[in-house]
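Colleague: I'd love a close look at one part of this model, taken slowly. Could you walk me through it once I have the picture up?

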Amino acid sequence: MKRPRRPRKGQIDVAEGHSPLAQFEIKTLVDINIAGIDASFTNSSLFMVLTVATVSLFLVGGMRRSALVPGRWQSLAELSYVFIAGLLKDTVGSEGRPYFPFIFTIFMFVLVGNLWGLMPYAFTFTSHIAVTFAMAFFIFVGVTVIAIAKHKLHFLAFFMPPGVPIVMAPLLVPIEIISYLSRPISLSVRLFANMLAGHTLLKVFAGFIISLGIAAGWLPFVFVVALTGLEFVIAFLQAFVFTILTCLYLNDALHLH
């Protein structure tokens with residue numbers, strides 16, 4: 001049986017390069033090794049830095065003049081601020097005000113990171129489970145610490161809904177604990193899976209445009225254009241869902257049941 005030919009050193013594997021999953025490959029840009037730990041600066045790191053820089057430029061530039069009659073840039077910056085402030089007030093109440101900087105940072109980081117991923121040749125770091133799980137786990141630990149600091153041992157009452165007969169405790173308490181511990185998994189997988197699936201689908205249909213030619217390539221082209229528009233909506237929705245779930249977890253930590 002004839003074995004498939006491997007590419008020589010320095011040659012690009014064409015099939016691998018056209019794989020819909022090749023866009024998610026982590027590539028080392030600057031090799032950094034600290035005490036045997038690989039801390040290299042990768043393409044994922046680069047787009048995280050670009051995301052932080054973009055958000056900083058958007059907010060600092062938009063509020064630089066702080067005019068009484070705001071222009072378009074200032075209006076967008078103020079709108080993003082008011083939107084998250086209203087979301088936090090509706091879900092957590094006035095007690096959530098001290099946590100506004102954290103919630104606002106999460107929303108802007110995920111939203112701009114998702115939008116960067118829609119640019120040609122860009123890298124979508126929110127399509128990696130390692131990134132989304134790290135954020136979700138940090139949120140989970142943070143709200144748990146807040147709950148324990150505020151309620152002390154009464155925090156354990158969170159796992160026993162009020163009004164439930166005590167005989168139901170052996171059944172309900174383990175379910176509530178499992179549900180609570182699964183929060184970082186559900187929070188991270190939702191964002192990761194949506195971004196991964198959307199970008200993979202775009203790559204697959206974009207590949208059909210060239211292979212089908214001018215005669216039939218217009219159909220996948222129209223689909224790619226429509227799907228790109230949908231991906232912009234999904235980028236916002238996933239940032240919104242990630243943020244509102246964080247607000248709900250924070251509300252549970254502050255108010256329990």
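Which residues of α2 are buried? Please start there and then follow the contacts outward.

Modeller: Happy to, and please keep in mind that this is a predicted model. The buried residues of α2 are N43, S44, F47, T51, V55, G61 and G62. Looking down the axis of α2, these buried residues fall within an arc of 155°, so they line one face of the helix. The general background is that an α-helix has 3.6 residues a turn, so residues three or four places apart point the same way. On the other side of α2, L57 and V60 are exposed.

The length of α2 can be checked too. Helix α2 covers residues 43-62, and at 1.5 Å a residue its 20 residues should span 28 Å; the C-alpha atoms at its ends are 28 Å apart, so the two values agree.

Now for what the buried face meets. The buried residues of α2 pack against β1 (28-30), β4 (41-42), α3, α4 (100-116) and α5 (129-151). Let me take α4 from that list. The axes of α2 and α4 come within 9 Å and cross at roughly 115°, and α2 passes α4 in a right-handed crossing. From α2, the residues making this contact are F47, M48, L50, T51, V52, T54, V55, F58 and L59, while α4 supplies F104, M108, F109, V112, G113 and W116. By class, the contact of α2 with α4 has twelve nonpolar, three polar and no charged residues.

Another partner of the buried α2 residues is α3, and α3 leads us on to α8. Helix α3 spans residues 72-91 and helix α8 spans residues 218-255; their axes come within 9 Å and cross at roughly 40°. Here α3 passes α8 in a right-handed crossing. On the α3 side, F83, I84, L87, L88 and T91 take part, and they meet F236, F240, T243, I244, C247, L248, L250 and N251 in α8. Sorted by class, the contact of α3 with α8 has ten nonpolar, three polar and no charged residues.

One residue from that contact deserves a second look. N251 sits in helix α8, and it counts as buried because its relative accessibility is 19%, with the cut-off for buried being under 20%. Apart from residues up to four places away in sequence, N251 touches T91, V92 and L256. L256 follows α8 and has a positive phi, near 50°. As for α8 itself, its 38 residues should span 56 Å at 1.5 Å a residue, and its end C-alpha atoms are 55 Å apart, so expectation and model agree.

Going back to α3, the loop between α3 and α4 holds S94. S94 counts as exposed because its relative accessibility is 56%. S94 and A53 are 41 residues apart in sequence, and their C-alpha atoms are 30 Å apart in space.

The remaining helix among the α2 partners is α5. V141 has its place in α5 and is partly exposed, with a relative accessible area of 36%. Along the chain V141 and A215 are 74 residues apart, and their C-alpha atoms are separated by 55 Å. A buried counterpart to look at is S188 in helix α7 (residues 183-216). S188 has a relative accessible area of 1%, so it is buried. Leaving aside neighbours within four places in sequence, S188 is in contact with I129, T132, F133 and A136.

Two loop residues round off the tour, and both concern the backbone. As a general point, most residues other than glycine have a negative phi. K152, in the loop between α5 and α6 (169-181), has a positive phi of about 55° although it is not a glycine. K152 counts as exposed, at 56% relative accessibility. A35 lies in the loop between β2 (33-34) and β3 (37-38), and its phi is near 55°, a positive value in a residue other than glycine. A35 is likewise exposed, at 79% relative accessibility.

Terms used
Residues are numbered from 1 along each chain as its sequence is written. This is a predicted model: local features need pLDDT of at least 70, side-chain atom pairs count only at pLDDT 80 or more; totals for chains, interfaces and linings use all residues. Side-chain values use heavy atoms; hydrogens and water are left out. Axes are lines fitted to C-alpha atoms, for helices over the stretch in contact, and angles run from 0 to 180 degrees between N-to-C directions. Helices (H or I, at least four residues) and strands (E, at least two) are DSSP runs, numbered from the N terminus. A crossing is left-handed if the near helix is turned anticlockwise from the far one by less than a right angle, and right-handed if clockwise. Contact means heavy atoms within 4.5 Å. Ala, Val, Leu, Ile, Met, Phe, Trp, Tyr, Cys and Pro count as nonpolar, Asp, Glu, Lys and Arg as charged, and the others, Gly among them, as polar. The expected span of a helix is 1.5 Å times one less than its number of residues. Buried means under 20% relative accessible area, exposed over 50%, partly exposed in between (1.4 Å probe, protein chains only). The arc is that of the directions from the helix axis to the C-beta atoms.
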